[in-house]
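Here are some notes for a colleague who is opening this entry for the first time. They begin with the chain as a whole and then turn to one strand and its neighbours.

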Amino acid sequence: MKAWQTLALITAVAALSACSNSNDAKNQNNPAQASSSAQPSDKLETRFVSIATGGASGPYNVIGTSLAEIYNKTYGVNSKTQTTGASVENLNLLKQNKVEMAFVMSDSLTEALNGTGSFKGKIDNVQQIAALYPNYVQIVTSKRSGIQKIEDLKGKRIAVGAQNSGVEVNARTLLKGFGIDYKDLKVDYLGYAEAADALKGGKLDAAFLTSGISNSSLMELQQSFDLQLVSIDPAKVKEIAQNQSYFLSLNIPKGTYGNAVDIPTAAIMNALVLRADISQADGYQLTKTFFESLPQLVNSHQAAKDISLQHAQQGLVAPLHPGAKQYYDELASK
């Protein structure tokens, strides 16, 4: 080899060595950078994680917004929430591949899987990440209305939630269980905030606001309205649950909205669902990050305090996403 070629080779080797040493030093000074490059599995295959939620003031939207921010920071993906009419619309958005993830109520999810009720055909590209927290059926009226229990709603002007929302689905089902049809009522299709405003303005006799507790629209309404909660007989709820197994009999705790005693009502578990075509690897990461972020989600809305790993697989309605199953199996094996 000629002398100039030997010199060039030595120079190149030295340069590469210096570059390698420099990169090693940077990685030692920045462990996160080193870990990121060494663990590509911590990244997501998808570039988008759109989350369908519900009304702007509801727990779905508040919790979902915090979750989207966490996914953005953790994975650098384009994660955002979509404010919607809630469950039925969310499931249709999943069917149309317009969102990747959604918060829904188990009643609507059951109808979607079976192609009944608000759904003309079965939705089969949806799988569940977890059972979340109970949504309480909060039927609200004024103390001067004389309405004490759900049977008293007959003949009244009632808001039953946004049309085809999860609220409307369970309102219709519960009323039917008590022998009340929509033709027996004056029905308005209003979301949380609109229903609260209509109650305050005297345009409604009562309203269904089914959500986690407490509902921010009702908390605000309570400040300037003689709010009263309407009770639902627990025995009747259990009877309805024989055909609609997603219904539970629970109490709205005293003091939630200034109520002096517990108010018996019906409740439906919420579900966090994912499109079935999302990869197992992504489903695993999204599930893992969701549960590891529960403290932040609880800070965003107190309804999230009832979400737990212990109960996440209890009351599942849809098939479990393979990525979520991998996460649960991994924890169980430890």
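1. Please keep in mind throughout that this is a predicted model. Among the contacts in the protein chain that link residues at least 6 apart in sequence, 74% bring together residues at least 24 apart.

2. The protein chain has 334 residues, of which 47% are buried, and its secondary structure amounts to 12 helices and 10 strands. The area that the protein chain exposes is about 15,900 Å², and 50% of that area is supplied by carbon and sulfur atoms.

3. Strand β1, which covers residues 48–52, deserves a careful look, since the rest of the structure largely encloses it: of its five residues, four are buried, where buried means under 20% relative accessible area.

4. Which strands pair with β1, and in what sense? Strand β2, residues 78–82, pairs with β1 in the parallel sense over five bridges, and strand β3, residues 101–105, also pairs with β1 in the parallel sense, over two bridges.

5. Individual residues can be used to locate these pairings in the view. On the β2 side, Gln82 is the residue that stands opposite Ala52, while in β3 the residue Met101 is the bridge partner of Ile51.

6. The connection between β1 and β2 may also be traced, as helix α3, made up of residues 59–75, joins with β1 and β2 in a β-α-β unit that is right-handed.

Conventions. Residues are numbered from 1 along each chain as its sequence is written. This is a predicted model: local features need pLDDT of at least 70, side-chain atom pairs count only at pLDDT 80 or more; totals for chains, interfaces and linings use all residues. Side-chain values use heavy atoms; hydrogens and water are left out. Buried means under 20% relative accessible area, exposed over 50%, partly exposed in between (1.4 Å probe, protein chains only). Contact means heavy atoms within 4.5 Å. Accessible areas come from the Shrake-Rupley method with a 1.4 Å probe; for residues, only the protein chains shown count as cover. Two strands pair if DSSP finds at least two bridges between them. A crossover is right-handed if, with the strands pointing away from the viewer, the path from the first strand over the helix to the second runs clockwise.
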